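Open the model in your viewer and keep the selection panel at hand. This tour moves from stop to stop, saying what to select and what is there.

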Amino acid sequence: MKILMVCLGNICRSPLAEGIMKSKLSESFEVDSAGTIDMHEGSRPDKRSIEVASKNGLDISYQKSRPIKPYDLEYYDKIFCMDKNNLRDVISMTKNEEQRQKISLLMQDLNLKQYPLEVPDPYWSGSEGFDQVYRQIDEACEIISKKLIKESQSNS
C-alpha cells in the first residue's frame, strides 16, 4: 500500500507525518509526502520539524520537499491532507471519482476530540507549536496505521 501525506509547502507537517507513519508501518508500505505549492521544492524539512522528530527518535533530515503531481493521484492508494485548504487543492487536481475517494483529511473520522479536524500549520509558531503538531499527527498515525495494517492483511 502506498500512502502520501500532503501539506502546503512540504516542510513542516507532511514531512513529520511521513516520518511518523513510516515508523509505525512495515517496509511493505510506501510512505511519502508532498506539498500543494512548489515554493520549497528540493529543500529539507524546516529545522523545527527535524528537531521535534529527532527529539521523538525519528530522522526526517534526509527528506526533500516536492510538490504534488497529477501522477501522485494515480500512484498512491491513500492521500492524507493536513487541512481543508490542502484537501481542496488536491481534490481540484483529480480527474475522476476513483482518485477523489483516495483523498481525506488526516484527522477525518478519528474521533480524537482533543484535537481539531485540521492539523494547524506550525510554521509561524515556536517550538511548542511543532510539539503540539507532532503529538496530533502521532496520535492520528497510530490509529490510521492500525487500520491500514488490518486492511492490508485482509487483502492478502
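**Stop 1: helix H1**

Select residues 13-24. This is helix H1, with 12 residues. From its first C-alpha to its last, H1 reaches 17 Å, close to the 16 Å expected at 1.5 Å a residue. The model is predicted, so treat every value on this tour as computed from it.

Is H1 largely enclosed or not? Colour it by accessibility. Nine of the 12 residues of H1 are buried, so the helix is largely enclosed by the rest of the structure. The buried ones are Arg-13, Ser-14, Pro-15, Leu-16, Ala-17, Glu-18, Gly-19, Ile-20 and Met-21.

What do these buried residues pack against? Show S1, S2, helix H2 (47-55), helix H4 (84-91) and helix H6 (127-155). The buried residues of H1 pack against each of these elements.

Now pick Ser-23, which also lies in helix H1. Ser-23 is partly exposed, with a relative accessible area of 45%. Add Lys-95, 72 residues away along the chain, and draw a line between the two C-alpha atoms. The line spans 32 Å.

**Stop 2: strand S1 and its partners**

Select residues 2-7, strand S1. Five of its six residues are buried, so S1 is largely enclosed by the rest of the structure.

Add strand S2, residues 30-35. S1 and S2 run parallel, joined by six bridges. Two positions are worth labelling. Lys-2 stands opposite Glu-30 in S2. Leu-4 stands opposite Asp-32 in S2.

Bring H1 back into view. S1, H1 and S2 together make a right-handed β-α-β unit.

Next, add strand S3, residues 78-81. S1 pairs with S3 as well, in the parallel sense, over four bridges. Label Met-5 and Phe-80: they are bridge partners, with Phe-80 in S3.

While the strands are on screen, one general point helps. In a regular strand the side chains alternate between the two faces of the sheet.

**Stop 3: the loop after S2**

Select Asp-38, in the loop between S2 and H2. Asp-38 counts as exposed, at 52% relative accessibility. Then add Gly-9. Gly-9 and Asp-38 are 29 residues apart along the chain, yet their C-alpha atoms are separated by 6.7 Å.

**Stop 4: the aromatic pairs**

Show the aromatic side chains. How many aromatic pairs does a search of the whole structure find? The search finds three. Start with Tyr-75 and Tyr-76. Their ring centres are 5.0 Å apart and their planes stand at 85 degrees, so the pair is edge-to-face. Tyr-75 counts as partly exposed, at 27% relative accessibility. Tyr-76 counts as buried, at 3%.

Move on to Tyr-123 and Trp-124. This pair is edge-to-face too, because the planes lie at 85 degrees, with ring centres 4.8 Å apart. Tyr-123 is partly exposed at 31% relative accessibility. Trp-124 is exposed, with a relative accessible area of 78%.

Go back to Tyr-75 and add Tyr-71. Ring pairs link Tyr-71, Tyr-75 and Tyr-76 into a cluster.

**Stop 5: charges over rings**

Keep Tyr-75 in view and select Lys-2 again. Lys-2 lies over the face of Tyr-75, at 4.9 Å from the ring centre. This is the residue that stands opposite Glu-30 in S2.

Now switch to Tyr-123 and add Arg-48. Arg-48 lies over the face of Tyr-123, at 5.5 Å from the ring centre.

**Stop 6: Pro-122**

End at Pro-122. Where does Pro-122 lie? It is in the loop between strand S4 (103-105) and H6. Is Pro-122 buried or exposed? At 2% relative accessibility, it counts as buried.

Show the contacts of Pro-122, leaving out residues up to four places away in sequence. Pro-122 touches Cys-12, Arg-13, Arg-48, Gly-129, Phe-130 and Val-133. Two of these names came up earlier. Arg-13 is one of the buried residues of H1. Arg-48 is the residue over the face of Tyr-123.

For a last distance, select Ser-54. Pro-122 and Ser-54 are 68 residues apart in sequence, and 17 Å apart in space, C-alpha to C-alpha.

Note on methods. Residues are numbered from 1 along each chain as its sequence is written. This is a predicted model: local features need pLDDT of at least 70, side-chain atom pairs count only at pLDDT 80 or more; totals for chains, interfaces and linings use all residues. Side-chain values use heavy atoms; hydrogens and water are left out. Buried means under 20% relative accessible area, exposed over 50%, partly exposed in between (1.4 Å probe, protein chains only). Helices (H or I, at least four residues) and strands (E, at least two) are DSSP runs, numbered from the N terminus. Two strands pair if DSSP finds at least two bridges between them. A crossover is right-handed if, with the strands pointing away from the viewer, the path from the first strand over the helix to the second runs clockwise. The expected span of a helix is 1.5 Å times one less than its number of residues. Contact means heavy atoms within 4.5 Å. Rings of Phe, Tyr and Trp (its six-membered ring) pair if their centres lie within 6.5 Å; planes under 30 degrees apart count as stacked, over 60 as edge-to-face and the rest as tilted. A charge sits over a ring if NZ of Lys or CZ of Arg is within 6 Å of the ring centre and within 35 degrees of the ring normal.
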